[in-house]
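Dear colleague,

Please find below the structure that I am handing over to you. I would be grateful if you would keep it open while reading the notes that come after it.

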Amino acid sequence: MSLRINVPPNDEHNVELVSNVHPPEWVNPEPASRYNLVVIGAGTAGLVTAAGAAILGAKVALIERHLMGGDCLNTGCVPSKAVIHSSRVWAEMRQARTLGALAPPGTEADFAAVMERMRGIRARISYHDSAKQLSDFGADVFFGDARFSGPDRVEVARATLRFKKAVIATGARPAVPAIEGLGESGYLTNETVFNLTERPNRLAVIGGGPLGCEMAQAFCRLGSRVTIIEANSQFLTREDPDAAAILAGALERDGIDIRLNTTVTRVAKSQREKRLNLETGGKTDVIAVDEILVGVGRTPNVEGLNLEVAGVTYDENGVTVNDFLQTTNRRIYAAGDVCLRYKFTHTADAAARIVIQDALFLGRKKFSASVIPWCTYTDPEIAHVGMYERDSEKRGIKVNTFVIPLGEVDRAITDGQEEGFLKIHVREGTDKILGATIVARHAGEMIIEITTAIVGEIGLKQIAGIIHPYPTQSEAIKRAADEYNRTRLTPFLKGVLSAWLSWTR
Ligand SMILES: Cc1cc2nc3c(=O)[nH]c(=O)nc-3n(C[C@H](O)[C@H](O)[C@H](O)COP(=O)(O)OP(=O)(O)OC[C@H]3O[C@@H](n4cnc5c(N)ncnc54)[C@H](O)[C@@H]3O)c2cc1C
């Protein structure tokens, strides 16, 4: 069987991408009589499960209906971060004067080149997720739509794969809001926005979550006039409100037209443009744009899998799993966006590792034991791990909070990146870290130290003794630890220390 797939634009980069992640000449193998593990979906969750299990010697089948690498490689993390990086460079060039540098006159972003660079990067990375790589690891790779035909078997491209265990890793797709006229007018999602080769001059972004904020800022910095529309009163609704407020300020300074507490009530298309009717607290407005990008959440891919036949329960949040990531059919597991509340590549990866241990090696690893950090890659970035203040209040846990503004961190000052803060919560009267939020240019890198501390049960007292290279933005964490140490200096202790020092003078 030969399979052809086209990813626009049909340039050399996308031809290379497809040759790796859905090779046109691929012929599905003869199925084994029974597999230790059948994995449905070759996004992060499926790839990590299949590769890990095959490397450990299991007989594994991996099924993908579209592009191996899933969202992360093709339409999510990789393309978005490549475009964001280019947009940051452009933003810095425009502000070069503040750093004593002069951008050449007429400097302008080359949108087509930015997108081509992104496609080149995606193609280059795609080998790691390729059919060849997975086959080399020992997995049987099948292309086609997977569908259960019983509690222990899956059909794909007219072949039947029998399994001891299976994993549903079919991911999620963009949710589309029910707005009159949106479908008829046409819109972009993460599945199509990275196919653009021409910059939309005017762009409306519906949704102020991570995707909406990241893309709104990137497109604005690359020269689009962007309006971002969010129904709630803050961007990144889950995030610390102080962090979200800094982000709103940053987006506004970039020149984005911000519409919080606003809903789109209707969309209409004319020959020249798309018009969006907006409503903000009873007031109406109309904006005209060239393109609309929708980023209002994700819908789990459960349709067409015939889950009923396999005895697997699901609802609008995806496949139902227990803490061991087992579905209601105990021999079938799920991992990644199809079942998890936290839809990230690193959670899909973490879930896959748990599934390998629990499904194949009688493990009893629980997903709830995971410490999950995340980051939104705006400028500044917003990263978080553990509890928010509101969580501790809800759970009746008393905390002490240490806040270090980046304006007090030398490296942030030298780099002109003073906007932001580190906020770290410890259990009251102790140095045990319960959670942290970081707003900083490289918050995503900084949050790893705090995540490591939480996992390794390293308290602020110990962090204060860890030598941090000077000058780094991570010194903010050490500063918080020093502040904690100062709280331990009670008047009594201070008196004892002074007495000792004067005695030993
Ligand atoms: C724009 C954007 C930016 C993002 N940025 C980040 C980021 O910076 N960091 C981060 O951690 N996360 C990010 N994410 C989230 C991340 O991409 C996802 O959480 C991750 O890709 C989920 O992996 P998955 O394996 O669960 O699903 P997916 O990657 O969606 O893979 C599922 C695969 O299953 C296949 N499939 C579905 N149904 C079937 C079927 N019936 N038969 C066969 N195959 C099937 C699909 O074709 C797909 O390839 C981003 C997401 C988006 C949209």
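The notes below cover helix packing, a pocket and some backbone features.

The model is a predicted one, in which local features need pLDDT of at least 70 and side-chain atom pairs count only at pLDDT 80 or more, while totals for chains, interfaces and linings use all residues. Residues are numbered from 1 along each chain as its sequence is written, and side-chain values use heavy atoms, with hydrogens and water left out.

Helix packing

Helices (H or I, at least four residues) and strands (E, at least two) are DSSP runs, numbered from the N terminus. Axes are lines fitted to C-alpha atoms, for helices over the stretch in contact, and angles run from 0 to 180 degrees between N-to-C directions.

Helix α8 (residues 210–221) takes part in two of the packings described here. Against helix α4 (residues 77–94), α8 packs at an angle of about 45 degrees, and the two axes are 8 Å apart. The pair α4 and α8 is therefore oblique (angles under 35 degrees count as roughly parallel, over 145 as roughly antiparallel, 65 to 115 as roughly perpendicular and the rest as oblique). Their crossing is left-handed, a term used if the near helix is turned anticlockwise from the far one by less than a right angle, with right-handed used if clockwise. In this contact (heavy atoms within 4.5 Å), S80, K81, V83, I84, S87, R88, W90, A91 and R94 of α4 meet E214, M215, A218 and R221 of α8. By class, the α4–α8 contact has 6 nonpolar, 2 polar and 5 charged residues (Ala, Val, Leu, Ile, Met, Phe, Trp, Tyr, Cys and Pro count as nonpolar, Asp, Glu, Lys and Arg as charged, and the others, Gly among them, as polar).

With helix α9 (residues 241–254), α8 crosses at roughly 25 degrees, the axes coming within 10 Å. α8 and α9 are therefore roughly parallel to each other, and their crossing is left-handed. Here C213, Q217, C220 and R221 in α8 meet L247, L251 and D254 in α9; the residues of this contact divide into 4 nonpolar, 1 polar and 2 charged. R221 thus appears in the contacts of α8 with both α4 and α9.

Helix α1 (residues 12–21) packs with helix α5 (residues 111–125) at an angle of about 25 degrees, with axes 8 Å apart. These two helices are therefore roughly parallel, and the crossing is left-handed. On the α1 side the contact is made by H13, N14, E16, L17 and N20, and on the α5 side by E116, R119, G120, R122, A123 and R124. The contact residues comprise 2 nonpolar, 4 polar and 5 charged.

The second largest pocket

A pocket is an open set of points on a 1 Å grid over the protein atoms alone, where a 1.4 Å probe fits, with protein on both sides within 12 Å along at least five of seven lines; lining residues have an atom within 4 Å of a point. The second largest pocket is lined by 24 residues, and V371, G386, M387, R395 and L434 lie nearest its centre. Two or more lining residues come from each of α12 (389–394), β23 (433–440) and α14 (443–455), and the largest share, 3 residues, comes from α12. By class the lining has 12 nonpolar, 4 polar and 8 charged residues.

Backbone features

A cis peptide bond joins P8 and P9, with omega about -10 degrees, and P9 is in the segment before α1. Another cis peptide bond joins Y470 and P471, where P471 lies in the loop between α15 (460–464) and α16 (475–487). R158, although not a glycine, has a positive phi of about 65 degrees.

Yours sincerely
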